[in-house]
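Biologist: I should like to request a close look at a single part of this model, the nonpolar interior, with its surroundings described as far as they help.

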Amino acid sequence: MKITVFTPTYNRGYIIGKLYQSLCDQTCKDFEWLVIDDGSADETESLFKTWAKENNSFEINYLKVENGGKHRAINKGVQLARGKLFFIVDSDDCLTEDAIAKMVKWEESLEGNGRFCGVSGNRGATPYQMHGTSFEGDYVDATSLERKKRGITGDKAEAFYTQILRKYKFVEIEGENFMTEATVWDKMAFDGYKLRWFNDVIYISEYLEDGLTRNAKDVFSKNPKGTAYYFKLQIKHYRYNWWARLANYNLYYELVKDRNTTNQAAQFLGIPLFILTIAIRLTKLKRWLFRGVSYEN
């Protein structure tokens, strides 16, 4: 099987049917739909019981688990997946009808090159309105950490080799239910794995009021240890750039300060309190010094 379309879901029975229909409409059927229901209390389970009885041209594997967050669901899904590629598609989104066909074709272009961990297309509000920015041309090869310099911004539609993902499990912290996916994507990039980024929109998404994207700051604040873990990975990347390190310390504090003291934030980052205090004060000073400054000609 070429692709596992993986969907973690929580109380999205009111909208997940849109994704199901888009999978039914795929021109290529070489995929399974693996769904981890993260403890939904709505009609999600009954929907899947109904869909399982329909004459689908693809296999549906549905598992309901105790609520633990998307990253735990991904860990579970990667272990259960039977596809060569693992393609995360959120329950409030859907795919263009040629999305699977393009993923299959793109993966074949890699020809077993061990430098790659997967392929990616674009996300968009429509097939003609891309989220974020991209490059010129058909594709580029780059790690997740090289996205910015390649002009690749915004959410994208990445599919990773399942066997590689199994080597990069998400850290699970007791008492917290969120860990940003970038922790794993960046670890693969640190190890030199590239993706082949293609310029076609294959994934349609809108950012709902109850979604992670619109509630990111609140989610980071509620999960300070997991957020600190992500920032510590980023700071390793800037080990020779003290200003970048201090800026990241301050950014972490800004994200978690509504629910955590400065001392707690420093402890989670594993740094002395005075270092975080310096980072906060220097950032404020920089903002004050450059207030109102315009760099336009």
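Which residues have the most contacts inside the largest nonpolar core, and how many residues does that core have?

Modeller: The model is a predicted one, and its largest nonpolar core has 59 residues. Those with the most contacts inside this core are Ile3, Val5, Trp33, Phe87, Ile100 and Met188. A second, separate core of 22 residues includes Tyr249, Tyr253, Ala266 and Leu276.

Ile3 is a convenient starting point. Leaving aside residues up to four places away in sequence, Ile3 touches Asp30, Phe31 and Glu32, then Gly83, Lys84, Leu85 and Phe87, and finally Ile100, Met103 and Val104. Ile100, Met103 and Val104 are also among the buried residues of helix H4, which spans residues 99–109. The full buried set of H4 is Ala99, Ile100, Met103, Val104, Trp106 and Glu107. These residues lie on the same side of H4, because they cover an arc of only 165° around the axis. The helical repeat gives the background: an α-helix has 3.6 residues a turn, so residues three or four places apart point the same way. Just after H4, Glu111 takes a positive phi of about 50°.

Met188 leads to helix H6, residues 182–190, where seven of the nine residues are buried and the helix is mostly covered. Besides Met188, the buried residues of H6 are Ala182, Thr183, Val184, Trp185, Asp186 and Ala189. Their cover includes strands E4 (85–88), E6 (116–126) and E9 (156–161), together with helices H5 (162–165) and H8 (224–237). Just after H6, Gly192 has a positive phi of about 95°.

Strand E9 contains a charged residue, Glu158. With a relative accessible area of 13%, Glu158 falls under the 20% limit and is therefore buried. Not counting residues up to four places away in sequence, Glu158 touches Phe86, Phe87, Ile88, Val119, Ser120, Arg147, Trp185, Leu195 and Trp197. Of these partners, Phe87 is one of the residues with the most contacts inside the largest core, and Trp185 is one of the buried residues of H6.

A residue outside a helix or strand offers a further detail. Asn11 is found in the loop between strand E1 (3–9) and helix H1 (16–24). Its phi is near 55°, a positive value in a residue other than glycine. Asn11 counts as partly exposed, because its relative accessibility is 25%.

The chain as a whole sets the context. Its secondary structure comes to 11 helices and 10 strands. The radius of gyration is 20 Å, close to the 19 Å that the globule rule gives for 297 residues, so the chain is as compact as a globular protein of that length. Buried residues make up 50% of the 297 residues. Among contacts between residues at least 6 apart in sequence, 78% join residues at least 24 apart. The chain exposes about 15100 Å², of which carbon and sulfur atoms supply 50%.

As to confidence, the average pLDDT is 93, and 95% of the residues score at least 70. Over residues 293–297, however, pLDDT stays under 50, and the model has one contact beyond four places in sequence for them. Where pLDDT is low, the predicted coordinates should not be read in detail.

Note on methods. Residues numbered from 1 in each chain as written. Predicted model: local features only at pLDDT ≥ 70, side-chain atom pairs only at ≥ 80, totals over all residues. Heavy atoms only, no water. Buried < 20%, exposed > 50% of the residue type's maximum accessible area, 1.4 Å probe, protein only. Helix = DSSP H or I, 4+ residues; strand = E, 2+ residues; numbered from the N terminus. Arc of directions from axis to C-beta. Core = buried A, V, L, I, M, F, W, Y, C linked by side-chain atoms within 4.5 Å. Contact = heavy atoms within 4.5 Å. Rg over C-alpha atoms; globule rule 2.2 N^0.38 Å. Areas by Shrake-Rupley, 256 points an atom, 1.4 Å probe, with all protein chains shown as cover. pLDDT = per-residue confidence, 0-100.
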